[in-house]
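Hello,

Here is the structure I promised to pass on to you. Please open it beside this email so that you can follow along.

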Amino acid sequence: MPASDGRMSPAEIRAFQAWLMDHGFEDSECSFCGHTGGWNTAGSVVQTPSYVASDQGARFGARTFAHVFVVCNGCGHEVFFDAEKLGIVEYGEESDG
Ligand SMILES: [Zn+2]
């Protein structure tokens, strides 16, 4: 489980990098700039909030989703992966309060 500020431990970063290698991502070409010089593992877990429509436009929902990501060494393009799917975070049971 990452630290409360989202930083991944060295072991979690190594596990993420191993997952990338197992899935052939490390050698993949950036879909934006075509660079093949590798990716930087950011080492942090970030969140994206769910979308909720309202009378005043979109607003943040209560639910968020955790992601880990890599950054293209050529252009800075970022690619995100679901942190739960990779086993880096676990979502607890939701409660009604
Ligand atoms: Zn790129």
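Below is what I found, going from the whole chain down to single residues.

Please keep in mind that this is a predicted model. The protein chain holds one helix and four strands, and reading from the N terminus their order is α-β-β-β-β.

Let's begin with the overall shape. Along the principal axes, the C-alpha atoms fill a box of roughly 45 × 30 × 20 Å. The radius of gyration of the protein chain is 16 Å, while a compact globule of 97 residues would have one near 13 Å. Of those 97 residues, 15% count as buried. If you look at contacts between residues at least 6 apart in sequence, 53% of them join residues at least 24 apart.

Next, find the helix, α1, which covers residues 10–22. Its 13 residues reach 18 Å from the first C-alpha to the last, close to the 18 Å expected at 1.5 Å a residue. Which residues of α1 are buried? They are E12, F16 and L20. Viewed down the helix axis, the buried residues fall within an arc of 80°, so they line one face of α1. On the other side of α1 you will find P10, A11, R14, A18, M21 and D22, which are exposed. The cover over the buried residues of α1 includes β1 (39–41) and β3. After the helix comes G24, which has a positive phi near 70°.

Now for the nonpolar core. The largest one has 13 residues, and those touching the most other members are F16, V45, A66, V68, A83, I88 and V89. Two elements, α1 and β3 (57–72), give two or more residues to this core. Which element gives the most? That is β3, with four residues. F16 is a good residue to click on: beyond its neighbours within four places in sequence, F16 is in contact with T41, V68, L86 and I88.

Finally, have a look at the strands β3 and β4. β4 spans residues 78–82, and the two strands pair in the antiparallel sense over five bridges. Within this pairing, H67 stands opposite D82 in β4. The β3 and β4 hairpin has five residues between its strands, and G76 takes a positive phi near 90° there.

If you want one place to start, try F16: this residue is buried in α1 and belongs to the largest nonpolar core.

Happy exploring, and best wishes

Terms used
Residues are numbered from 1 along each chain as its sequence is written. This is a predicted model: local features need pLDDT of at least 70, side-chain atom pairs count only at pLDDT 80 or more; totals for chains, interfaces and linings use all residues. The radius of gyration is taken over C-alpha atoms; the globule rule is 2.2 Å times the number of residues to the power 0.38. A residue is buried if 20 or more other C-beta atoms lie within 10 Å of its own, exposed if 12 or fewer, and partly exposed in between; C-beta atoms are placed from the backbone. Two residues are in contact if their C-beta atoms, placed from the backbone, lie within 7 Å. A nonpolar core is a set of buried Ala, Val, Leu, Ile, Met, Phe, Trp, Tyr and Cys residues joined through C-beta atoms within 7 Å. Two strands pair if DSSP finds at least two bridges between them. The expected span of a helix is 1.5 Å times one less than its number of residues. The arc is that of the directions from the helix axis to the C-beta atoms.
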